[in-house]
Amino acid sequence: MNPFQQAILWLNDPLNWNNPGGILDRLGEHLVISAAAVALGCLVAWPVGLWLGHAGRGGGLVVLISNVTLAIPTIALLSILPLTVLGFGKPPVIVALAVFAVPPLLANAYTGIRQVDPETREAARGMGLSGGQLLRRVELPLAIPYLAAGFRTAAVQVVATAALASFVNGGGLGQIISAGFGLGISIGGGQILAGGLLVALLALLVELVFALVERFVTPRPLRRGGRRADQRAAAAITGS
């Protein structure tokens with residue numbers, strides 16, 4: 001029996017779904033870890049990106065932060081953070097994945113504000129809007145396609161990378177893969193492949209769901225531009 005047949009057989013076993021530590025338990029852990037990491041990334045990246053974009057400066061800082069966070073391997077953070085006060089388990093995983101989520105969130109928040117038409121800003125100021133009102137009432141609504149695109153990218157990346165949580169006993173679908181390697185390729189090959197397929201399918205599902213959410217929250221006149229928000233974000237901060 002080849003690994004693909006073993007994987008199908010493993011996935012068709014109800015006990016692998018319902019038992020403690022089975023697929024459903026690991027899926028729940030995976031989603032909790034990923035959601036917490038993306039939420040933490042948003043709390044850090046969005047305020048900074050929105051403020052820098054509104055202030056009209058800091059493009060170089062956005063590039064620097066994005067490059068630095070991308071240059072740090074997630075596996076390296078997962079090796080270091082458990083040795084701090086965070087310890088082993090979910091906290092170091094959430095922090096490491098949040099760092100991984102920051103670049104697309106930060107870049108798209110900054111670019112979304114900077115892409116607002118200067119004439120629109122001047123018109124809003126002419127109506128007597130303060131800086132905070134301009135950000136909340138004009139710039140932020142127009143930046144929604146970029147924020148949604150950055151959120152989608154971050155969510156997919158985090159979900160796909162969260163399988164590494166098994167290295168520090170953080171739970172998630174990666175535990176299935178790790179347990180398969182513990183059994184050896186000849187016995188656990190099907191389980192390893194099944195775990196990888198589950199992670200890949202979950203990432204694709206998250207991509208699909210948030211693509212629909214992005215389209216839903218984006219005003220109709222802005223939808224066309226929102227489809228290329230990620231590419232324009234990278235180009236804009238590079239040229240800042």
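This report describes the fold, one bent helix and several individual residues of a predicted model.

## Overall architecture

The chain is helical throughout its list of elements. It holds 13 helices and zero strands. Read from the N terminus, the order is α-α-α-α-α-α-α-α-α-α-α-α-α. Along the principal axes, the C-alpha atoms occupy a box of roughly 70 × 40 × 30 Å.

Contacts reach far along the sequence. Of those between residues at least 6 apart, 74% link residues at least 24 apart.

## Burial, surface and charge

The chain has 240 residues, and 44% of them are buried. Its accessible surface is about 12200 Å². Carbon and sulfur atoms account for 68% of that surface.

Charged side chains number 16 positive and 10 negative. The centres of these two sets are 7 Å apart.

## Helix H6

H6 covers residues 90–114, a run of 25 residues. Its expected span is 36 Å, at 1.5 Å a residue. The end C-alpha atoms are 36 Å apart, so the expected and modelled spans agree.

The helix still has a bend. H6 turns by about 35° at Val 102. A proline, Pro 103, follows within four residues. Most of the helix is covered, with 20 of its 25 residues buried.

Ala 107 is part of H6. Its relative accessible area is 8%, under the 20% limit, so Ala 107 is buried. Ala 107 and Gly 53 are 54 residues apart along the chain. Their C-alpha atoms are separated by 9.7 Å.

## From H7 to H8

Helix H7 spans residues 118–126 and includes Gly 126. Gly 126 has 67% relative accessibility; the cut-off is 50%, so this glycine counts as exposed. Gly 59 is 67 residues away from Gly 126 in sequence. The C-alpha separation of this pair is 26 Å.

Leu 129 sits in the loop between H7 and H8. It counts as buried because its relative accessibility is 18%, under the limit of 20%. Beyond its neighbours within four places in sequence, Leu 129 contacts Ala 124, Leu 134, Arg 137 and Val 138. Ile 72 is 57 residues from Leu 129 along the chain. The C-alpha atoms of Leu 129 and Ile 72 are 41 Å apart.

## Leu 142 in H8

Helix H8 runs over residues 131–142, and Leu 142 lies in it. At a relative accessible area of 35%, Leu 142 falls between the limits of 20% and 50%, so it is partly exposed. Leu 142 and Ile 113 are 29 residues apart in sequence. Their C-alpha atoms are separated by 7.6 Å.

## Backbone at Asn 169

Where does Asn 169 lie? It is in the loop between helix H9 (144–161) and helix H10 (174–183). Its phi is positive, about 60°, although Asn 169 is not a glycine. Most residues other than glycine have a negative phi.

Is the side of this loop residue buried or exposed? Asn 169 has 60% relative accessibility, over the 50% cut-off, so it counts as exposed.

Conventions: Residues numbered from 1 in each chain as written. Predicted model: local features only at pLDDT ≥ 70, side-chain atom pairs only at ≥ 80, totals over all residues. Heavy atoms only, no water. Helix = DSSP H or I, 4+ residues; strand = E, 2+ residues; numbered from the N terminus. Buried < 20%, exposed > 50% of the residue type's maximum accessible area, 1.4 Å probe, protein only. Contact = heavy atoms within 4.5 Å. Areas by Shrake-Rupley, 256 points an atom, 1.4 Å probe, with all protein chains shown as cover. Lys, Arg positive; Asp, Glu negative; His and termini not counted. Charge placed at Lys NZ, Arg CZ, Asp CG, Glu CD. Expected span 1.5 Å × (residues − 1). Bend = angle between axes of the 7 residues up to and from the residue.
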